[in-house]
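User: Could you take a close look at the nonpolar core of this one and walk me through it? I'd like one connected answer rather than a list.

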Amino acid sequence: MEVLAEMELFHSRPIAPTRRVALGRLDLPVDPPPGFGGVLLGGVVATYIVDLDPDLHPDVLRLALQIEEGRRVPQPRLRYRFQTDRVGLSRTRFRLVSDGDDWIFDLERGCTPAQAILGAVYAVGTLAPAVRHTVMATVRRAMRWAGPIGPELIAHLAGYGAAHSVSAYADPVAWALGVLGFEPAAVDGALGRNGKRNGATGAPLPSRVEIQRRFRDRLREVHPDHGGDNGEAARRIADLAEARRILIGR
């Protein structure tokens with residue numbers, strides 16, 4: 001398995017008289033925002049928010065706003081003090097990993113809900129201001145999540161129709177070309193939306209007319225009325241529609 005994003009959290013033990021949290025190693029890619037890093041932080045929050053004392057939820061939202069705006073954060077928060085010193089603290093790791101083209105949350109369970117949520121929210125504050133707003137918006141979406149922790153959550157957090165696919169999220173243009181059956185090394189025609197080129201080769205994207213034609217052809221191939229597999233049809237049609245949206249914007 002490949003590690004796509006990672007957050008290391010240091011924290012006091014649940015029975016310790018002092019309550020402290022500190023961040024350790026962070027590997028939080030955010031390109032394009034929210035990136036694998038934002039999805040991981042959202043996954044941590046969605047996993048633990050259901051077990052957090054509801055009386056603490058308003059303070060989480062206030063903290064998120066303060067960090068998003070780069071303001072000074074009074075301590076303690078959620079009854080824990082945020083610090084840089086890790087001496088005497090326990091360690092818990094949270095990862096987003098890939099298994100082939102699937103994303104999987106790999107979240108250790110050595111900390112309290114408040115500690116995990118604080119770690120995720122404070123981690124957003126380590127990101128560049130240009131992406132902080134988008135990533136924090138992802139964290140806030142995670143606070144409202146009420147479904148299972150799995151592919152549906154990942155798609156919700158990423159805000160991307162093909163979010164279950166690592167290749168789609170890492171290079172959406174190349175993924176879209178592949179879904180529609182274009183050869184990335186041999187595309188020809190006008191530049192795509194916003195003058196984008198194929199990120200893998202630098203070649204111009206197919207024209208809008210070519211993309212629309214290929215979309216209709218592939219749609220006929222996968223539709224059950226034309227012999228497509230019933231079990232796969234819905235997913236493949238959704239992928240085709242997302243690929244067209246990426247390349248021409250609708």
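**The nonpolar core**

Analyst: Bear in mind that this is a predicted model. Its largest nonpolar core holds 54 residues, and Leu40, Leu41, Phe94 and Leu96 are the ones with the most contacts inside it. Helix 3, residues 113-124, supplies the largest share of this core, with nine residues. Take Leu41 as a way in: leaving aside residues up to four places away in sequence, Leu41 touches Met7, Leu28, Ala120, Ala123, Val124, Val135 and Val139. Apart from that core there's another one, made of 15 residues, including Leu205, Phe215, Ala243 and Leu247.

Phe215 leads us to helix 8, where the buried residues are Ile211, Gln212, Phe215 and Val222. These four sit on the same side of helix 8, because they cover an arc of only 100° around the axis. That kind of pattern has a simple background: an α-helix has 3.6 residues a turn, so residues three or four places apart point the same way. As for length, helix 8 runs over residues 208-222, and at 1.5 Å a residue its 15 residues should span 21 Å, which agrees with the 21 Å between its end C-alpha atoms.

Now for the setting. The chain has nine helices and five strands, in the order β-β-α-α-β-β-β-α-α-α-α-α-α-α. Of its 250 residues, 46% are buried. Among contacts with a separation of 6 or more, 66% are between residues 24 or more positions apart. On the outside, the accessible surface comes to about 12,200 Å², and carbon and sulfur atoms account for 50% of that.

Technical notes: Residues numbered from 1 in each chain as written. Predicted model: local features only at pLDDT ≥ 70, side-chain atom pairs only at ≥ 80, totals over all residues. Heavy atoms only, no water. Core = buried A, V, L, I, M, F, W, Y, C linked by side-chain atoms within 4.5 Å. Buried < 20%, exposed > 50% of the residue type's maximum accessible area, 1.4 Å probe, protein only. Helix = DSSP H or I, 4+ residues; strand = E, 2+ residues; numbered from the N terminus. Contact = heavy atoms within 4.5 Å. Areas by Shrake-Rupley, 256 points an atom, 1.4 Å probe, with all protein chains shown as cover. Expected span 1.5 Å × (residues − 1). Arc of directions from axis to C-beta.
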